[in-house]
Every structure is written in structure tokens, then in C-alpha cells.
Amino acid sequence: MSDDLKLTATTKEGKYIELIPQIKSLVDGEKDSIANMANICAALKFGMNFFWVGFYLIKENQLVLGPFQGPVACTRINIGKGVCGTSWQKKETIIVDDVDTFPGHIACSSLSKSEIVLPLFDSQNNIVGVFDVDSDVLKSFDKTDELYLSEIINLLKF
Ligand code: SME
């Protein structure tokens with residue numbers, strides 16, 4: 001396998017369309033979900049130039065920081081707290097155009113301006129964590145991100 005991602009697209013959708021088969025080939029054939037989460041973070045951080053990309057996994061009734069790429073982040077989040085804790089509580093994807101307007105947003109970095117958080121489910125449809133992508137630009141995320149990021153996290157087996 002080549003150690004470099006191949007990316008030529010200039011649009012967001014084009015980049016996802018180029019990245020997804022490359023992420024799939026990284027993840028296929030590897031059963032360790034930590035290894036796969038780590039490579040997904042690296043591929044998205046460098047492929048999409050996101051500010052922060054990472055997983056939080058539910059452990060002893062808290063979200064605990066898992067594999068990520070970007071600046072250091074808070075390690076534990078309670079249910080209902082911030083965007084991640086709300087996505088966990090509602091079991092829904094949440095898109096926030098401006099984090100300063102989200103009640104209780106947890107500012108791990110003051111540079112983070114907008115974000116998308118998707119819930120992660122195991123094969124029995126139990127929630128096991130969330131996937132958080134942050135941008136240093138307002139209004140970075142929309143249904144296109146939701147679609148392609150869901151496709152990417154669905155490659156993981158919990
Ligand atoms: N923004 C998140 C906290 C996690 S970090 O941004 C990495 C939130 O409010 O849930």
C-alpha cells in the first residue's frame with residue numbers, strides 16, 4: 001500500500017469521493033477498531049484539512065477521548081454536555097455553524113468555530129461513542145459532510 005493519500009479534487013464533495021476508497025482500503029482487512037479510527041483521523045485531517053478530527057468512546061458512562069488528530073483536547077465529556085454529549089444523548093448527528101451560539105459548547109480550543117458530531121453505533125445499534133470534526137472557520141459543515149462522514153464511520157465495526 002502506498003503511504004500517501006492521492007488527492008486532486010478541489011471541491012469538498014470531490015475530495016470526499018477521492019478519499020473514501022482510499023480510507024476503505026486502509027480499513028479493510030484490519031479488524032482493530034483503534035487502528036482504523038486512528039487512520040481515519042489522519043486521512044481526514046490531512047485530506048480535508050480539518051482543524052480537529054477525533055473519536056470519543058463511551059466508557060463508564062462518560063465520553064472518553066480516543067484516536068484523534070489536531071490540538072490536544074479535553075479527555076472526558078458527560079452525557080448532555082457540549083455538542084458531543086448532546087449528540088450522545090439524542091443519538092443524532094449535530095451540525096453547529098457557530099459554536100459560540102451552542103449552549104454549553106465545550107471549548108477545547110478557542111480556534112474551533114464550527115463542528116459536526118456523529119453518533120457511533122455497534123452492530124446491535126447501541127451507541128458506543130461519537131465522531132467529532134471541528135473547523136476553524138464558521139459554517140464549515142452541511143449535509144454533504146454528514147453523508148460522507150457517515151459513510152466513513154460505517155466502515156468501522158464496533
Ligand atoms: N467541541 C466539543 C468538545 C470536544 S472538542 O472540540 C475536541 C463539544 O462541545 O462537544
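**Exercise 1. A loop residue and its contacts**

Which residues does Asp 136 touch, not counting residues up to four places away in sequence? Find them, then place Asp 136 in the fold.

*Solution.* This is a predicted model, so note the ground rules: local features need pLDDT of at least 70, side-chain atom pairs count only at pLDDT 80 or more, and totals for chains, interfaces and linings use all residues. Residues are numbered from 1 along each chain as its sequence is written, and side-chain values use heavy atoms, with hydrogens and water left out.

Step 1. Apply the contact rule: heavy atoms within 4.5 Å. Asp 136 touches Phe 51, Leu 111 and Lys 113.

Step 2. Locate the residue. Asp 136 sits in the loop between strand 6 and helix 4. Helices (H or I, at least four residues) and strands (E, at least two) are DSSP runs, numbered from the N terminus.

Step 3. Check accessibility. Buried means under 20% relative accessible area, exposed over 50%, and partly exposed in between (1.4 Å probe, protein chains only). Asp 136 has 44% relative accessibility, so it counts as partly exposed.

Step 4. Look along the chain. Phe 50 is 86 residues apart from Asp 136, yet their C-alpha atoms are separated by 8.0 Å.

**Exercise 2. Build the sheet**

Work out the strand order of the sheet and identify its edges.

*Solution.* Step 1. Use the pairing rule: two strands pair if DSSP finds at least two bridges between them. Strands of a sheet pair through backbone hydrogen bonds, either parallel or antiparallel.

Step 2. Collect the pairs.
- Strand 1 (residues 52-59) and strand 2 run antiparallel, joined by 6 bridges.
- Strand 1 and strand 6 also run antiparallel, with 6 bridges.
- Strand 5 and strand 6 (residues 127-135) are antiparallel over 8 bridges.
- Strand 4 (residues 94-96) and strand 5 are antiparallel, with 3 bridges.

Step 3. Write the order. The open sheet has 6 strands in the order 3-2-1-6-5-4, with antiparallel pairing.

Step 4. Find the edges. Strand 3 (76-77) and strand 4 each have a single partner strand, so one side of each is left without a neighbour in the sheet.

**Exercise 3. Match residues across strands**

Find the residues that stand opposite Gly 54, Tyr 56, Ile 95 and Leu 120.

*Solution.* Step 1. Start in strand 1. Gly 54 faces Phe 68 of strand 2. In strand 6, Gly 54 has Asp 132 as its bridge partner. Tyr 56 is bridged to Val 130 of strand 6.

Step 2. Move to strand 5. Ile 95 lies opposite Ile 116 of that strand. Leu 120 stands opposite Gly 129 in strand 6.

Step 3. Ask how enclosed the strands are. In strand 5 (residues 114-121), 7 of the 8 residues are buried, so the strand is largely enclosed by the rest of the structure. In strand 1, 6 of the 8 residues are buried, so this strand too is largely enclosed.

**Exercise 4. Two hairpin turns**

Which residue takes a positive phi in each hairpin?

*Solution.* Step 1. Take strand 1 and strand 2. Their hairpin has 2 residues between the strands, and Glu 60 takes a positive phi near 45°. Glu 60 is not a glycine. Glu 60 is exposed, at 78% relative accessible area.

Step 2. Take strand 5 and strand 6. This hairpin has 5 residues between the strands, and Asn 125 in the turn has a positive phi of about 70°. Asn 125 is a residue other than glycine. With 59% relative accessibility, Asn 125 counts as exposed.

**Exercise 5. Pack the helices**

How do helix 1 and helix 4 lie relative to each other?

*Solution.* Step 1. Compare the axes. Axes are lines fitted to C-alpha atoms, for helices over the stretch in contact, and angles run from 0 to 180 degrees between N-to-C directions. The axes of helix 1 (residues 12-27) and helix 4 (residues 143-153) come within 10 Å and cross at roughly 0°.

Step 2. Classify the angle. Angles under 35 degrees count as roughly parallel, over 145 as roughly antiparallel, 65 to 115 as roughly perpendicular and the rest as oblique. The two helices are therefore roughly parallel to each other.

Step 3. List contact residues. Helix 1 contributes residues including Tyr 16, Ile 17 and Ile 20, and helix 4 residues including Tyr 148, Leu 149 and Ile 152.
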